Each structure stands twice: as C-alpha cells, then as structure tokens.
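This report introduces a structure to a reader who has not seen it before. The sequence and the structure are shown first, and the sections that follow take up selected parts in turn.

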Amino acid sequence: MARYIVLLGPPGAGKGTQAQRISETLVLAHISSGDIFRENLKDQTELGNLAKGYIDRGELVPDDVTIAMIRERLSRPDCRNGALLDGFPRTPIQAEALDKMLVEFNSEVEAVPYINVPEDVLVERLSGRWTCKDQGHVFHHIYSPPKVQGICDQDGSELYQREDDKPETVKRRIRVYMEQTAPLIEYYQQSGKLIEVDGTQSIEDVSNEMIAALFKDR
Ligand code: AP5
Ligand code: MG
C-alpha cells in the first residue's frame, strides 16, 4: 500500500528541512504546498496570482484552492508509492478532505510526525533562513550554512530570504498556525497517528528520531 506521511509543525519547525532529508530514505515524493505556491508565484500562473496576497500577509490560501492543488499533485505518477506531505493539511477541513481523497486512492494517512518547537526558537530560525531559488532547498546562516555563501549546495542556484520571513509576517504566520492548524494535533492524536518529536534538537537528531519512529512496527 502507498505510504502517506504528514509532517506537522509551526512555521520554521523544520518541516521542509526534514522532508528533504528523509524523503530519500523513505523513497517518497516530497510534496510541499508552500513550495508549489511559490513556484506558481514565480511563474505568475493564475494560481500564483490568487495565492500571492494571502502568502504576503501570512494568511492561509482558501481551502478549496489548496485542496484541489494537492489532489492534482498526488495524482501524478511520482506519488505512486505515496508522499511525504509538508504544509498540508493545515486546517481541519483540509485534513478531512485528505482522508476522503486517500480513501479514493485505497489508502490512508499512516503517521503524522509533529515537530514541536517553542515560538522564540521559530523566530530565530526564520530570520536566519536562506532558501534556494530553483527548488526551495533550505539553509540557515548558523545552523545549516551552505558551503559557499549565497549558493545552494544541491543545485548551485542563488539563495534568497523569503518575503514572508519578515518579523511582522512571521508573527502573523505563527498566530494563524495557533488558530487554524494547531487543532490538527488533537485530530491526529485521536486517531493514534501522531508522533511527537522534540524539534529543538539538532537537525541530525530530529531526522534520526523521526526515521526510527517511522520504521518501528514495519
Ligand atoms: P510554507 O512554505 O509551508 O511555510 P510554513 O509552514 O510557514 O513553514 P516554513 O516553510 O516557514 O517552515 P518549515 O517548518 O518548513 O521550516 P524549515 O525546514 O524551512 O507556507 C507558506 C505560505 O503558503 C503559508 O503562509 C500560506 O500562505 C501558504 N500555504 C502553504 N500551505 C498551505 C495550506 N495547506 N493551506 C493554505 N495555505 C497554505 O526550517 C526553518 C529554518 O530553521 C531553516 O533555516 C533551517 O535551516 C533551520 N532549521 C530547521 N531545523 C533545525 C534544527 N533542528 N535546528 C536548527 N535549525 C533548524
Ligand atoms: Mg517549509
């Protein structure tokens, strides 16, 4: 059966960082809703133009648009084995839509690693983050510096600071997370799928803890 793993956690918790590291180990496509929106923004597609205002304000893009986008993405051949979902679902409506979608695919969410990180650490991580222009690889000027300043180790493209990593937008994103996404912790706890991971550990230790938990019972 295809494996669907949902990475849950506040902005800056390390969802993208961990997804990049563990998607190869798990042989799963890394599907980041934020990266797909940013690609569309760059290409100025209809979806990108629609999403822009929400992303710039640190708010969520409407559920119907986001759900349709993820449904299309999960239907592609590279998701045949399942997917590692990063940034989706983000509201109870999206979580229910995902459950229904996966029933259609004869599958279900297998596990939900929840990367728990306190707010002050999030702000520090986001203010030091550098993201690659081509594929969204993530670096941090202290915790995960690139080998050559300003250049992505993986694909050689330029690194930039995300527009929505400005302090006032970060605050808004964290507030939106608390209001709209944090209820999913209980949603997945109730179905026994939540795996809480201490996200204040080093990047390496978080990966190891997550991989150990995901391979347990298999
Ligand atoms: P999205 O791109 O998903 O942003 P986010 O959830 O706010 O999360 P981030 O990407 O900021 O953080 P992350 O957890 O991936 O952390 P990272 O690994 O980079 O969404 C952006 C916007 O798109 C949303 O605001 C919304 O508008 C829209 N959107 C997206 N999905 C949506 C949805 N489902 N519904 C509606 N709208 C949606 O790490 C952060 C930094 O910390 C990096 O510099 C990294 O190097 C460093 N770091 C990571 N781990 C560690 C560690 N253990 N120790 C030290 N440093 C670390
Ligand atoms: Mg991310």
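## The ligand and its surroundings

A polar atom in the side chain of T17 lies 2.5 Å from an oxygen atom of ligand 1. The model is a predicted one. Two arginines also make polar contacts with the ligand: an N or O atom in the side chain of R38 is 2.9 Å from an oxygen atom of ligand 1, and a polar side-chain atom of R162 lies 3.1 Å from an oxygen atom of ligand 1. Of the 1000 Å² of accessible area that ligand 1 has on its own, the protein covers 97%.

The elements that give two or more residues to the shell around the ligand are helix 1 (15–26), helix 2 (33–42), helix 6 (119–127) and strand 6 (138–140). Helix 2 gives the most, with 4 residues. In total, 36 residues surround ligand 1, and the closest are T17, E59, R90, R129 and R173.

## Helix 5 and its two sides

Helix 5 comprises residues 92–104, which makes 13 residues. From its first C-alpha to its last it reaches 19 Å, close to the 18 Å expected at 1.5 Å a residue. Its buried residues are Q94, A95, A97, L98, M101 and L102. Seen down the axis of helix 5, these buried residues fall within an arc of 160°, so they line one face of the helix.

Which residues are exposed on the face of helix 5 turned away from its buried side? That face carries I93, K100, V103 and E104. The buried residues of helix 5, for their part, pack against strand 1 (3–7), helix 4 (63–74), strand 3 (82–86), strand 4 (109–116) and helix 8 (183–190).

## Two buried residues of helix 7

T181 belongs to helix 7, which spans residues 167–181. With a relative accessible area of 4%, T181 is under the 20% limit and therefore counts as buried. The side chain of T181 reaches the backbone oxygen of R90 at 2.7 Å. R90 is also one of the residues closest to ligand 1. Leaving aside neighbours within four places in sequence, T181 is in contact with L8, R90 and V176.

V170 is also placed in helix 7, and it is buried, with a relative accessible area of 3%. Leaving aside its neighbours within four places in sequence, V170 is in contact with V123, L126, D164 and D165. The C-alpha atoms of V170 and S127 are separated by 8.8 Å, although these residues are 43 residues apart along the chain.

## Buried residues of helices 4 and 1

T66 has its place in helix 4 and is buried, with a relative accessible area of 5%. Which backbone oxygen does the side chain of T66 reach? The partner is the backbone oxygen of P62, at 3.0 Å. When neighbours within four places in sequence are left aside, T66 is in contact with F37, V61, F88 and Q94. Of these, Q94 is among the buried residues of helix 5.

S23 lies in helix 1. At 10% relative accessibility, S23 counts as buried. Not counting residues up to four places away in sequence, S23 touches L28, H30 and L84. S23 and A83 are 60 residues apart in sequence, and the distance between them in space is 8.4 Å, C-alpha to C-alpha.

## Backbone features in the loops

The peptide bond from F88 to P89 is cis, with omega near -5°. P89 lies in the loop between strand 3 and helix 5.

Two residues that are not glycines have a positive phi. V27 has a phi of about 55° and is placed in the loop between helix 1 and strand 2 (29–32). Is V27 buried or exposed? It is exposed, with a relative accessible area of 57%. N106 takes a positive phi of about 60° although it is not a glycine. N106 comes just after helix 5, in the loop between helix 5 and strand 4. N106 is exposed as well, with a relative accessible area of 65%.

Conventions:
Residues numbered from 1 in each chain as written. Chains lettered and ligands numbered in written order. Predicted model: local features only at pLDDT ≥ 70, side-chain atom pairs only at ≥ 80, totals over all residues. Heavy atoms only, no water. Expected span 1.5 Å × (residues − 1). Buried < 20%, exposed > 50% of the residue type's maximum accessible area, 1.4 Å probe, protein only. Arc of directions from axis to C-beta. Contact = heavy atoms within 4.5 Å. Near = heavy atom within 4 Å. Polar contact = N/O pair within 3.5 Å; in protein donor to acceptor, adjacent residues only side chain to side chain. Areas by Shrake-Rupley, 256 points an atom, 1.4 Å probe, with all protein chains shown as cover.
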